[in-house]
Amino acid sequence: MKKPSEYIKIGCELRPFQVFGTMYQHSHSSCAAGAFIDGYSGERRTDYDPLGIIWNQIVWQFQFRSRIVACPECGPDFPNFPDQLVSHLNDHHKWTRERIGDWLDAQMPQDPVGSNKIQLDATASYSMSEEEDLELVDA
Ligand SMILES: [Zn+2]
């Protein structure tokens, strides 16, 4: 699976210009969400009806949902991440689609955080016992 930024980059190649306030304009322009959908589909979508279905699939796949995320520019919390926040960054702050993609990459849940943390803790206590060994040697 590609990262959000990689899908958006593909979408930007499919429609080279950014549009604000709407998802698509003709065959040449898309907003960040539109570029994500195009890139994810691997083609310029012309059928508007299933767009919601594809978007929901993307949101589910990247486990974006059920979080409240603050706007990195102006602060307020946006529920239902990432729907409104992506259009807000695109339409209001005029972030480029590529920048929104990079930012979305950083919002992805970090998978095996729990197990990694246990590993690190185990290492920490191991190095403590090494110090004890050193003290014994010194004595
Ligand atoms: Zn904002």
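Okay, let's start with Asn80: this residue is partly exposed, with 14 other C-beta atoms within 10 Å. Keep in mind that we're looking at a predicted model here. So why start with Asn80? Because most residues other than glycine have a negative phi. Asn80, though, has a positive phi, near 60°, and it isn't a glycine. As for where to find it on the screen, Asn80 is in the loop between S5 and H4.

Stay in that loop for a second, there's something else to see. Which two residues does a cis peptide bond join? They are Phe81 and Pro82, and omega there is about 10°. In general, most peptide bonds are trans. Pro82 also belongs to the loop between strand S5, residues 77–78, and helix H4, residues 83–91. If you're checking backbone torsions, then, that loop holds both Asn80 and Pro82.

Now move along to Lys94. Phi is positive for this one too, about 55°, and again we're not talking about a glycine. Lys94 sits in the loop between H4 and helix H5, which covers 97–107. Is Lys94 buried or exposed? Exposed: it has 10 other C-beta atoms within 10 Å, and the cut-off for calling a residue exposed is 12 or fewer.

Okay, zooming out to the whole chain. The protein has six helices and five strands. Reading from the N terminus, the elements go α-β-β-β-α-α-β-β-α-α-α. There are 139 residues, and 24% of them count as buried. For the contact-map people: take the contacts with a separation of 6 or more, and 46% of those come from residues 24 or more positions apart.

Last stop, the sheet. We've got an open sheet of three strands, ordered S1-S3-S2, and the pairing is mixed. Strand S1, residues 17–18, and strand S2, residues 24–25, are at the edges; each has a single partner strand, so one side of each has no neighbour in the sheet. As a reminder, strands of a sheet pair through backbone hydrogen bonds, either parallel or antiparallel. Which sense do we get for S1 and S3? Parallel, over two bridges, with S3 being residues 29–30. If you want to click on one bridge, pick Phe17, whose partner in S3 is Ser29.

So, places to look at on your own screens: the cis bond between Phe81 and Pro82, the positive phi at Asn80, and the one at Lys94. That's it from me, thanks.

Note on methods
Residues numbered from 1 in each chain as written. Predicted model: local features only at pLDDT ≥ 70, side-chain atom pairs only at ≥ 80, totals over all residues. Helix = DSSP H or I, 4+ residues; strand = E, 2+ residues; numbered from the N terminus. Buried ≥ 20, exposed ≤ 12 C-beta atoms within 10 Å, placed from the backbone. Contact = placed C-beta atoms within 7 Å. Pairing = 2+ DSSP bridges.
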